[in-house]
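Colleague: I'm new to this structure and would love a guided close look at one part of it. Could you walk me through it at an easy pace?

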Amino acid sequence: MLLLVLDIVSFGGFDCVRVLAGLGALIVFALWLRTPARQTFIWGLAGAFGFGGLTLEVARSVHQLEGVIYDVNPLFASATFQAALAITWTVLALVLTILAVRKESRPMWFFGAAVLAVVVVKLY
């Protein structure tokens with residue numbers, strides 16, 4: 001199953017089409033590549049796209065619910081957006097670290113810890 005999300009975004013007066021491929025396609029591709037090094041790379045790529053997609057969804061939600069202009073500068077100046085990112089990223093980091101301990105996955109645990117460190121640095 002391939003999910004494809006097209007979204008027209010305006011950054012700095014330029015309209016562009018953002019294409020975000022769904023995680024389903026990346027997961028199928030990761031399973032198709034059987035070597036561990038390639039699987040680690042693809043899972044990392046899927047995680048990066050998922051993290052970016054989650055952040056974009058938070059931005060879109062703040063835009064829709066709070067009326068903040070959907071552009072880089074107004075979003076980053078919004079206290080609501082900053083709080084929503086801090087909460088979302090913290091929950092994501094905790095879920096990743098708990099899953100990593102259960103699955104005994106060091107890379108997943110380090111990514112969760114890195115996300116939590118970014119949240120702590122972002123709050124100061």
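Leaving aside its neighbours within four places in sequence, which residues is T55 in contact with? Please take your time and show me what surrounds that spot.

Modeller: Happy to! Please keep in mind that this is a predicted model. Setting aside neighbours within four places in sequence, T55 is in contact with F81, L85 and W89. T55 itself lies in helix 2. Its relative accessibility is 19%, and because buried means under 20%, T55 counts as buried. The side chain of T55 also has a partner in the backbone: one of its polar atoms lies 3.0 Å from the backbone oxygen of F51.

Now look at the partners of T55. F81, L85 and W89 are among the residues with the most contacts inside the largest nonpolar core, together with A59, V62 and L75. That core has 13 residues. Helix 2 (36–66), helix 4 (79–103) and helix 5 (106–123) each supply at least two of them, and helix 4 gives the most, with five residues. As a general point, nonpolar side chains in soluble globular proteins tend to be buried together.

F81 is a good residue to click on next. Not counting residues up to four places away in sequence, F81 touches T55, V58, A59, V62, L75 and F76. One of these, V62, leads us to S78, which is in contact with V62 and V68 when neighbours within four places in sequence are left aside. S78 sits in the loop between helix 3 (72–77) and helix 4. With a relative accessible area of 10%, S78 is buried. A polar atom of the S78 side chain lies 3.3 Å from the backbone nitrogen of T80.

Let's go back to F51, whose backbone oxygen we met beside T55. F51 forms part of a ring cluster with W89 and F111. The structure holds four aromatic pairs. F51 and F111 make an edge-to-face pair, with 6.2 Å from centre to centre and 85° between the planes. This pair links distant parts of the chain, as F51 is in helix 2 and F111 is in helix 5, 60 residues apart. Both count as partly exposed: F51 has 23% relative accessibility, and F111 has a relative accessible area of 37%.

F111 brings us to helix 5. Its 18 residues should span 26 Å at 1.5 Å a residue, and its end C-alpha atoms are 26 Å apart, which agrees. G112, V115 and V119 are buried in helix 5. Seen down the helix axis, the buried residues fall within an arc of 60°, so they line one face of helix 5. An α-helix has 3.6 residues a turn, so residues three or four places apart point the same way. On the other side of helix 5, R106, P107 and V121 are exposed.

One last stop is the start of that helix. S105 caps the N-terminal end of helix 5, with a side-chain oxygen 3.4 Å from the backbone nitrogen of M108. E104 is in the loop between helix 4 and helix 5. E104 counts as exposed, at 73% relative accessibility. E104 also has a positive phi of about 55°, although it is not a glycine. In general, most residues other than glycine have a negative phi.

Notes:
Residues numbered from 1 in each chain as written. Predicted model: local features only at pLDDT ≥ 70, side-chain atom pairs only at ≥ 80, totals over all residues. Heavy atoms only, no water. Core = buried A, V, L, I, M, F, W, Y, C linked by side-chain atoms within 4.5 Å. Buried < 20%, exposed > 50% of the residue type's maximum accessible area, 1.4 Å probe, protein only. Helix = DSSP H or I, 4+ residues; strand = E, 2+ residues; numbered from the N terminus. Contact = heavy atoms within 4.5 Å. Polar contact = N/O pair within 3.5 Å; in protein donor to acceptor, adjacent residues only side chain to side chain. Phe/Tyr/Trp six-rings, centres within 6.5 Å; stacked < 30°, edge-to-face > 60°. Expected span 1.5 Å × (residues − 1). Arc of directions from axis to C-beta.
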